[in-house]
Amino acid sequence: MEWTKEQRYRTMEDVSEDEIQALAKTVNQCPWRQSFHIQPVTGLLNDPNGFSYFNGEYHLFYQWFPLGPVHGLKHWYHTKSKDLVHWENVGMAIEPSNEFDRHGAYSGSGIEHDGKLYLMYTGNTRDEYWNRHPYQCLAVMNRDGSIVKMDTPVIAEVPSGYTDHFRDPKVWKNGDLFYSVIGAQRKNETGSVVLYRSRDLIDWQFAGEVKTGLGEEFGYMWECPDYFEMNGQGVFLFSPQGLIAKGDHYQNIYQSGYVIGSPIDLENNELDHGDFHELDRGFDFYAPQTTVDHQGRRILVGWMGLPEIDYPTDSNGWAHCLTLPRELKIKDGKLIQQPVPELNLLHGKMVEISRSVENENVRLDNFEGDVYELLAEFSDSNAREFGVELRVGENEKTVIKYDAVEKKVVFDRTSSGESFAEEFGAIRKCTMDNAEKISFRIFVDVSSVEVFVNDGVEVFTGRIFPDKNSNGISVFARGGHTNVKAVKWNIN
C-alpha cells in the first residue's frame, strides 16, 4: 500500500474508533508479535525518548505513528516499569497540537527537576512547500503522570551555519547548569552536534558546536546524540548517517556508535576522545538513548529497527520494537553492554547440557522453543568453526558462530525465515581475537535475537521472521571439536 502525505499526517481526531479497532485486530493476528519486548499497540515505533527514572519508576517514551507501519505524524507514547522487565502501557504522552509541533513531536529526552519530569523534544513543522523548520519544545510531567506542554518553544531558531536538520535534544545537568546536545547538519551537509546551556530548562543559550576529532567527513547528519560521564571519562553516543561501509563495519543503512575520552570541556566546547566504535554489530539497531537510575547504573535502550526499510510485519499494520535494557560499563577503553540483572525475573523452566561436539551438528533434546534465554559457552576448541543454530526448522535456521580461522563472530540470518532488507546483506561479523573461550548469551523472542558475546564485549541485534514451527536448537563444530555447555530458560 502506498501511503499519501494526507494519510500520513491525519490527526487522531480525524480517525474513527472503528478504524483503530480494525487496525488493532490486524496487528494482534500477526504471527510475529513479540512476547517480552516493548512494541507498539498499533502502527510504527521508532526512537526511544525521554528515558528516565522518576517518582520510583522507569519511564520510557518512544516515537509512534499510530495508524500504520510508516513514518508519518509522530507522537510520543508512554510506557513505564518498576523493574525494567514488566512494562505498563500508559498511552499517548505528547500529541502534535500546536504550531510548533504540528507535523510531529520528534525525539528528545527527559530530566527530573523540582520534583517534575521535564521532557525536551523537537517539534517538527513544514511550510506550504514542505520545507521543514524545527523547534525545540518542552513538556512537563507531574508526579501524577499528567503532562502539560509549554505554549512556546524553548529554542525557536536554528543557529547560523546549520540546516533545518536540527533535532533530538539530550539534556543533563552539571553543577548549577543544564546542558543539551542537539544533532545537527552543517550548511555543507556534514554532520555535527551543538551545545546549549540553561539555568532553568526554559531559557537556553547557544554555546557553539562541540569540537570533536571526527572531522567533517563523518556522515551527513548526526542523530540522537547522548552525552554522559562514567569512571571519570566522557562518553558521547550518536547515530551518524552516511558512513561508507568498510570491511565488517558500517554495514547497515545507518549506524549508531560512540567515542570515549576526557570529560567534555564545557568552556571551550571540546571533546578529546578515542576511536569511534559501533554499539551493535547486528542488523537492526538505531537511535539508542541512556539514563542513569537510582542505583547509579547507566542503562541503554535502542530502537530495534532502522529507517527506510520494509519489514515483514508491515502487512499486519505494525513495525519495530525496542531492545532489552542494557547496563553500560567501560572496560579497556570500550563500552560493555550487559542485560540488566532484572531480566532474570523472566526465567522459567531451565534445561542444561554439557558435551563434546566434533565435526557434527547436534540437535539438542528438550531445548526447542521460540521465546527463551540461552547461554552457550564453548571451550577447549580446535574446530575451524563452532556455534549454535536457533529457530531451526525444515528449511530455516539462524546461525550464531565463531570462525576460528578468521577470528570472527558471525550472525547469519540467510535462512532465518521471511527475508527483507536483502540489499544490505544477511551476514554480520566482528573480529574477536584472543578468544580462548566464547560465550553467547542470547535472548530469543518471537521475531528477534539479541546476542551478547563474552559478557557484552560485542552485541548483535537482529529481527528474524521464521515459521512458528521452526523452534529447534542445535550446536555444531566443523573441522575439529569443541566442548559446549548450554543452559536454556523458558521465558514466562
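**Entry 1: one sheet**

I began by fixing a term: two strands pair if DSSP finds at least two bridges between them. I note also that this is a predicted model. I then looked up strand 7 (residues 132-141) and strand 8, and found that three bridges join them and that they run antiparallel. Within this pairing, I located Val 140, which stands opposite Val 148 in strand 8.

I next asked in what order the strands of the open sheet lie. Four strands form this sheet in the order 5-6-7-8, with antiparallel pairing. Strand 5 (105-113) and strand 8 (147-149) stand at the edges with a single partner strand each, so one side of each is left without a neighbour in the sheet. I recorded that neighbouring strands of this sheet are turned by 25° against each other on average, direction ignored.

**Entry 2: aromatic rings**

I turned to the rings, keeping in mind that a pair of aromatic rings is described by the distance of the centres and the angle of the planes. I recorded a count of 30 aromatic pairs, taking rings whose centres lie within 6.5 Å. One of them joins Tyr 53 and Tyr 58, with 4.8 Å centre to centre and 70° between the planes. Why is this pair called edge-to-face? Its angle is 70°, and planes over 60 degrees apart count as edge-to-face. I checked Tyr 58 for exposure and found a relative accessible area of 1%, so the residue is buried.

I then examined Trp 222 and Phe 238, whose ring centres are 4.5 Å apart; the planes stand at 40°, so the pair is tilted. This pair links distant parts of the chain, with Trp 222 in strand 13 (residues 221-230) and Phe 238 in strand 14 (residues 233-241), 16 residues apart. I found both Trp 222 and Phe 238 to be buried. They also belong to one aromatic cluster, which includes Phe 218, Phe 236, Tyr 250 and Phe 276.

**Entry 3: charges over rings**

I looked up two cases of a charge over a ring. The charged end of Lys 5 sits over the ring of Trp 130, 4.2 Å from its centre. Arg 413 lies over the face of Phe 283, at 3.8 Å from the ring centre.

**Entry 4: salt bridges**

I reminded myself that side chains of opposite charge can pair when their charged atoms come close. How many salt bridges does a search of the whole structure find? The search gives 24.

I took Asp 226 and Lys 170 as one case, where the side chains meet at 2.7 Å, N to O. Asp 226 lies in strand 13 and Lys 170 in strand 9 (residues 162-174), so the bridge ties together parts that are 56 residues apart in sequence. I noted that both Asp 226 and Lys 170 are buried.

I next found a salt bridge between Glu 450 and Arg 326, with the closest N and O atoms 3.1 Å apart. Glu 450 is in strand 30 (residues 448-453) and Arg 326 in strand 21 (residues 326-331), 124 residues apart. Are these residues buried or exposed? Glu 450 has a relative accessible area of 0% and is buried; Arg 326 is buried, with a value of 0%.

Finally, I examined Glu 406 and Lys 429, which meet in a salt bridge at 3.4 Å, N to O. Glu 406 is partly exposed, with a relative accessible area of 39%, and Lys 429 counts as partly exposed at 26%. I closed with a network in which salt bridges that share partners join Glu 385, Glu 389, Lys 397, Lys 401 and Arg 478.

Definitions and conventions
Residues are numbered from 1 along each chain as its sequence is written. This is a predicted model: local features need pLDDT of at least 70, side-chain atom pairs count only at pLDDT 80 or more; totals for chains, interfaces and linings use all residues. Side-chain values use heavy atoms; hydrogens and water are left out. Rings of Phe, Tyr and Trp (its six-membered ring) pair if their centres lie within 6.5 Å; planes under 30 degrees apart count as stacked, over 60 as edge-to-face and the rest as tilted. Buried means under 20% relative accessible area, exposed over 50%, partly exposed in between (1.4 Å probe, protein chains only). Helices (H or I, at least four residues) and strands (E, at least two) are DSSP runs, numbered from the N terminus. A charge sits over a ring if NZ of Lys or CZ of Arg is within 6 Å of the ring centre and within 35 degrees of the ring normal. A salt bridge is a side-chain nitrogen of Lys or Arg within 4 Å of a carboxyl oxygen of Asp or Glu. Axes are lines fitted to C-alpha atoms, for helices over the stretch in contact, and angles run from 0 to 180 degrees between N-to-C directions.
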